[in-house]
Amino acid sequence: MRELKTVSQLEVLRNRKRILANPLPFHSENFQKYGDTFRVKVGPHQTIIFTRDPEIVRQVLQKQHKKFKKSTLQTKDLAKYIGHGLLTAEGDHWRRQRRMIQPAFHKKKLAGLISTMHRAIKEELGRIQLNEEGDIFPLMGDLAFQVVAKSLFSKMDIREKMRELQHITETNQKMLIREMRQPYLVWWFKLSGQLRKHLNYSEDSRVLLNELIEDRVRQGGEEDDLLDMLLNATYEDGTHMERKQLIDEVLILFTAGHETTANALSFALFLLARHPEIQEQVYQEVSVNEITDDDYLSWLSKLIFAQQCIEEAMRLYPPVYVIDRMAKEDIEISGYKFKKGSMLLMSVYELHRYSAFWNSPKSFQPERFEKEKKKEMGPYYYPFGAGPRMCIGNNFAMYEMIMTISEIVKKYRITSPDSSVELVPLISLKPKEVRLKFEKRH
């Protein structure tokens, strides 16, 4: 049996300020020092196992997924803010919700939504300032949020309410990160009233969403948007979702659906700005492929290189940079014995940049994702997770990102004054800022 090397609690405390600001360099140093799998002692009786071993990741997420569950970081800590929907639910409750909601995100179902998504994208991109250097991340955040909003509430005027919901979502995420990275201050968060304040924010977001859903139900009629699909979806016994559950699922769509996409788009645009020759290839592809007869799926299927650029951007900067699971029983994988209750953090960020599996892992090479090469990437590439709990919105996100990149590159030439981006790992991997300059193409 292989022995797990341990990072001491003293070492964690010694590096606490670094870990709070950005834990990735600390983890990377430990992977270099202790190998592909090690444990970190974070408390007197608490350890976390970190791994970038592709076999462990494959077994945990796919082959032996039934022997693992999501950790309390999601099922309890995150759930207290956004409820028990697909992202945070477990067991039979999760399976029931997944079976019910999955059809709404099938490619054929999404086909009817793509024109709505495209209009929302073009409207937000109209705010781009020409010939000025500025941070693109806030615009990408607004764009991704509005795409989810319009896809859910297609013909309702909800911009003001969405602004409030976006503020609550981002504020609560920052609070959750503080709880996760400073567990020794949880008593203070409770005593000072900070925790209660943020839970009240969450309640405000529920009231807001309930009002929007009530408006739709009163109006009646069919809008053929995501909200309609969720309102009309039924369980196997023919019943519909209760309102509380519906609000949980909508909250999760906003939280998970806008944040990760905004991050991926910002990183992808930065990489294209830094590689003008690759940007030009995207432009050439987009300029010869126009939408005909509103056949969006056919159009998107032709934007192959644009998709490869996004896939490579998500390799270098995976929005979901770690995936957590807890062992439901004693289990042996790759020669290690993990006891029941063991907490595993699988580092997607490290696996995506591991030189043992990727040639020149830090360089931007979209051609890695050419069709004939993709299969061999499978064991080392997890931008949307894997197995039964793979992100349900992966097609939605890819369509949105391909359309956004294509619309931007078709109209603008992008440059950046920066050679790198400072990373801010929160619930997802964010850039601190992405300074870009847009010049009109002639």
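Of the 442 residues in this chain, 53% count as buried, meaning under 20% relative accessible area, while exposed is over 50% and partly exposed lies in between (1.4 Å probe, protein chains only). Keep in mind that this is a predicted model: local features need pLDDT of at least 70, side-chain atom pairs count only at pLDDT 80 or more, and totals for chains, interfaces and linings use all residues. Residues are numbered from 1 along each chain as its sequence is written, and side-chain values use heavy atoms, with hydrogens and water left out.

**The whole chain**

You'll find 20 helices and 13 strands here; these are DSSP runs numbered from the N terminus, with helices being H or I of at least four residues and strands being E of at least two. The C-alpha trace spans about 60 × 50 × 40 Å along its principal axes. A compact globule with 442 residues would have a radius of gyration near 22 Å, and the chain agrees, with 22 Å. That radius is taken over C-alpha atoms, and the globule rule is 2.2 Å times the number of residues to the power 0.38.

Take the contacts between residues at least 6 apart in sequence: 74% of them join residues at least 24 apart. Contact here means heavy atoms within 4.5 Å.

As for charge, there are 69 positive and 60 negative side chains, and the centres of the two sets lie 6 Å apart. Lys and Arg count as positive and Asp and Glu as negative, leaving out His and the chain ends; each charge is placed at NZ of Lys, CZ of Arg, CG of Asp or CD of Glu.

**Three residues to look at**

| Residue | Element | Relative accessible area |
|---|---|---|
| Val-40 | strand S2 (residues 37-43) | 4%, buried |
| Asp-92 | helix H6 (residues 91-101) | 60%, exposed |
| Glu-179 | helix H10 (residues 159-181) | 12%, buried |

Leaving aside neighbours within four places in sequence, Val-40 is in contact with Val-7, Val-12, Gln-46, Thr-47, Ile-48 and Phe-50. Gln-245 sits 205 residues away from Val-40 along the chain, and their C-alpha atoms are separated by 36 Å.

Asp-92 has a side-chain partner in Arg-95, joined by a polar contact of 2.8 Å. A polar contact is a pair of N or O atoms within 3.5 Å; within protein, one must be able to donate a hydrogen and the other to accept it, and residues adjacent in sequence count only if both atoms are side-chain atoms.

Back to Glu-179: with neighbours within four places in sequence set aside, Glu-179 is in contact with Lys-80, Tyr-81, Val-186, Phe-189 and Leu-195.
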